[in-house]
Amino acid sequence: MTASDRRSKADRIRHVLEAEGDAVAANTQGFNAGRYESVADLEAYEDLKSEARAIKKDAIERLPELIDELEAAVEANGGTVYIADDAADANAYVREVVADRDADRVVKSKSMTSEEIELNEALAADCDVVETDLGEWVLQLAEEAPSHIVAPAIHKSREAIADLFNERFDPDEELETAEELTMFAREKLGEQIADADVGVTGANFLTADSGTMALVTSEGNARKTVAATDTHVAVAGVEKVIPSVEELAPFVELIGRSGTGQDITSYVSLLTPPVDSPTLDFQSDETGPAADRDFHLVLIDNGRLAMREDDQLRETLYCIRCSACSNSCANFQQVGGHAFGGETYSGGIATGWEAGIEGLDTAAEFNDLCTGCTRCVNACPVEIDIPWINTVVRDRVNLGEDAELDWLVDGLTPDEEPAGLDPQKRLFGNFATLAKLGSATAPLSNWLADTGVSRRLMERFVGIDRRRDLPAFASETFRQWADGRPTVADPEREVVLFPDLYTNHVQVERGKAAVRALEALDVAVRVPDVPASGRAPLSQGMIETARRHAEAVADGLLDHVEAGRDVVVIEPSDHALFQREYERLLDADRYRALADDSYELFEYVYGLLANGASGDALASGDGRRLAYHSHCQQRTLGVERYTEAVLDDLGFDVVTSDVECCGMAGSFGYKQEYYDVSVAVGEELTAQFTADGVEDRAVVASGTSCLDQLDDLLERPSKHPIELVAPTARAERVSGD
Amino acid sequence: MTTDHTTLDRFTERLDDFDVSHTLTTPDGVPDAIEAVTDLPAVGVELPDSLGRLPESVETDPSPSDLEAAVTGVTAATLGIADYGSLVLPSTPDGAEPASLYPDRHVAVVAAADVVPGMSEALARLGDRFRADGGDAIVATGPSATADMGALVKGAHGPKAVHAVVVRP
Ligand code: SF4
């Protein structure tokens with residue numbers, strides 16, 4: 001990306017933030033909170049997710065066979081099936097159906113697949129097309145695109161909708177409340193549905209055994225769209241087929257809870273069309289026999305069968321489009337689908353859909369908004385590893401890009417990644433090299449980095465936003481400090497403390513504190529000579545570089561593991577890497593060996609205390625009041641509770657944040673084009689930490705990025721919690737205490 | 001098939017959660033129970049014998065304009081789903097689907113014996129039926145609703161209020 005591309009991207013995002021950010025945040029955060037509440041009541045939640053995933057996996061594996069079975073079932077019921085290769089093919093077929101029917105008006109219930117093929121545009125020349133979902137109708141009137149895959153108009157406030165209606169329809173009395181707007185729309189749309197000839201719906205699921213389709217809705221417009229028209233056309237991607245009616249159960253239980261946080265939506269229509277209801281002719285005021293009804297199922301490939309052959313993108317086809325990965329995403333919560341989305345789809349999984357359907361270029365436009373925080377991973381009802389799909393697509397984008405080599409960065413970072421790699425990605429991906437150089441030349445490197453001239457150069461050449469403080473490299477690294485240092489003789493246990501990049505070069509104090517805390521609990525500590533984890537290159541989509549790091553880290557640590565030493569990790573994003581992504585980077589045995597024996601620092605301390613070590617050796621909390629922000633990836637693994645438990649046990653009085661992510665996410669917040677999103681996300685966190693009763697609490701956070709973000713946005717300092725817990729001189733504790 | 005006490009309790013609790021009011025009655029009490037919650041004009045479809053009969057005031061075989069004018073629609077539900085307080089509404093040649101959809105108030109009559117504990121039990125029953133002779137069912141939970149206009153509003157395109165008449169022998 002050139003400097004001016006970056007600036008215009010930053011401008012675009014800033015515009016969306018300003019125009020739509022508040023409405024999007026209020027809605028998505030409401031859905032997200034609803035999800036937590038609703039799934040908490042569902043006893044078998046985890047089992048249902050696994051069941052749902054297994055059904056989708058099986059269905060996609062057997063897809064050709066299931067499509068045949070579905071086709072036979074629909075035809076036996078009296079319907080017609082058309083399998084369309086692409087959008088043009090599908091649209092041509094629907095146009096034919098509409099022409100045969102001599103239809104003047106087509107009414108539609110909400111369907112993302114019809115948005116994907118741009119069906120409305122294709123039909124517009126032949127007839128009137130009316131969206132009957134209230135949100136879609138608002139967008140049709142406003143000529144805007146959906147900003148969310150389930151609730152398409154969340155970017156519009158009630159006031160904006162009222163203005164739109166009042167201006168367009170000039171009603172006798174100005175419309176104002178949500179109730180008035182809804183009743184007005186209901187009446188207008190009711191008239192349009194009554195004299196429509198063809199009804200178009202999507203389908204959330206199709207069952208091959210019976211030819212039944214499931215439609216998940218709330219308003220009742222899909223019911224009317226089907227009941228009031230004689231000809232029903234359903235458009236659906238081929239991936240919507242599942243084997244049997246019974247297998248709908250986990251999806252029906254999960255889709256509403258995962259998406260908008262409703263236990264179930266008002267209507268789940270299970271239709272085996274043509275439906276058995278009489279036809280309704282509102283003009284002649286007559287009903288007719290159900291036998292007059294006609295049904296067409298248009299099954300659309302449009303890239304899906306190729307995705308099915310693609311080992312990395314295949315999982316995308318499991319997606320049931322519930323929107324959990326949008327609502328749980330801290331970045332999406334700020335910008336919505338107009339910035340975090342492609343031609344049709346939005347949110348985390350959109351990268352997979354858009355890459356498969358539209359191509360890499362479209363996915364590349366917004367893919368960087370996934371920071372890999374993983375907060376969507378546990379929320380996805382079909383257990384898709386959404387961040388991994390984003391990483392893979394980013395890697396493919398990198399490989400496909402042939403930007404010019406940048407002398408500045410190329411000189412800094414000799415690397416085997418493709419020559420055309422974006423210089424910004426190359427810089428952040430090779431942060432290990434930079435950090436080494438930074439420490440070796442500190443404090444000179446820090447002074448240099450801080451001058452106005454070099455900040456301007458950095459912004460221009462690699463897009464590091466100059467409003468961000470840069471990390472200050474320590475001249476003595478953590479490993480240098482630990483080297484040759486005597487540790488506990490005759491210890492209870494032995495650990496290797498992983499010297500992550502940030503602890504080693506920047507946050508050296510938290511490393512020292514971790515050593516002191518572990519030693520106080522009678523644990524001997526070694527700090528091994530191993531390279532960086534590979535988190536930095538992986539974030540930039542540099543999978544091969546990350547793999548080399550992973551192999552080298554495993555080489556360096558597994559000998560210790562074999563010798564009976566436990567691996568302890570301070571940086572949560574590196575601990576998460578060992579637990580999650582290394583599975584994709586290492587062979588299975590090496591991955592398992594390392595994952596099974598590596599622990600997040602507080603998880604380990606908790607284990608020691610639970611197994612009889614005495615907490616007396618650690619600093620006691622004495623009721624000291626703390627505000628704690630755990631790291632996003634730590635929470636996905638469920639290990640943040642150990643920090644909370646240990647702090648609690650030691651007598652600290654802790655309140656915790658409940659935002660999904662701090663918004664910094666490694667390099668993300670440093671990038672010029674994303675600075676504003678990053679700060680908007682961070683402000684949700686700092687709002688919690690400056691609220692009444694919290695504003696005077698000392699701030700602790702586990703992740704490097706979170707600490708960077710908090711330091712930039714809060715007036716008071718923040719520390720890693722180990723620095724409060726380790727036995728130390730009072731002066732070293734959080735200042736101001 | 002009998003439904004045990006706890007399943008029925010769970011069903012009525014969940015009806016409450018979704019703002020669906022209900023009456024428990026016997027087949028003989030059905031006409032009165034319906035009448036008590038019916039505002040006129042009312043349309044509906046004949047109930048299966050085991051569920052009692054419609055009150056005289058409910059007009060069957062409605063024309064499209066009757067549907068539009070009706071304030072109340074009365075239809076039978078084939079199943080109730082206890083975990084969700086859902087009523088499973090069939091589409092029938094005599095027009096159960098439009099009668100349950102167009103009027104502002106829907107009154108659903110369901111046999112206590114047809115209340116199943118959860119979603120899997122409901123779909124197991126429907127699966128056999130759909131495979132044998134097609135068929136349609138709306139799993140309806142609470143009134144129709146939308147949040148698209150900036151706040152939750154009941155009665156988007158479908159009914160604003162729902163009442164269940166649960167029939168015990
Ligand atoms: S990827 Fe998962 S969470 Fe995201 S929309 Fe699809 S099913 Fe929902």
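Me: How many residue pairs are in polar contact across the interface of chain A and chain B?
Reply: The rule finds 29 such pairs, both residues at pLDDT 80 or more. A polar contact here is a pair of N or O atoms within 3.5 Å; within protein, one must be able to donate a hydrogen and the other to accept it, and residues adjacent in sequence count only if both atoms are side-chain atoms. Keep in mind that this is a predicted model, where local features need pLDDT of at least 70, side-chain atom pairs count only at pLDDT 80 or more, and totals for chains, interfaces and linings use all residues. Residues are numbered from 1 along each chain as its sequence is written, chains are lettered from A and ligands numbered from 1 in the order in which they are written, and side-chain values use heavy atoms, with hydrogens and water left out.

Me: Thanks! Which helix gives the most to the side of chain A that touches chain B?
Reply: That is H9(A), with 10 residues. Helices (H or I, at least four residues) and strands (E, at least two) are DSSP runs, numbered from the N terminus.

Me: And how much area do the two chains bury between them?
Reply: About 4,500 Å², with 58% of it on carbon and sulfur atoms. Buried area is the accessible area (1.4 Å probe) that two parts lose on being put together, summed over both. Arg186(A), Arg223(A) and Leu270(A) supply 15% of the area that chain A buries against chain B, more than any other three residues.

Me: What does Arg223(A) form a salt bridge with?
Reply: Its partner is Glu97(B), and the closest N and O atoms are 2.8 Å apart. A salt bridge is a side-chain nitrogen of Lys or Arg within 4 Å of a carboxyl oxygen of Asp or Glu. Across the interface of chain A and chain B there are five of them.

Me: Switching to Ser100(B): where is it placed?
Reply: Ser100(B) sits in helix H4 (residues 96-101) of chain B. A polar atom of its side chain lies 2.9 Å from the backbone oxygen of Glu97(B).

Me: Why does Ser100(B) count as buried?
Reply: Because its relative accessibility is 1%; buried means under 20% relative accessible area, exposed over 50%, partly exposed in between (1.4 Å probe, protein chains only).

Me: Which residues does Ser100(B) touch?
Reply: Not counting residues up to four places away in sequence, Ser100(B) touches Arg223(A), Thr75(B), Leu89(B), His106(B) and Pro159(B). Contact means heavy atoms within 4.5 Å.
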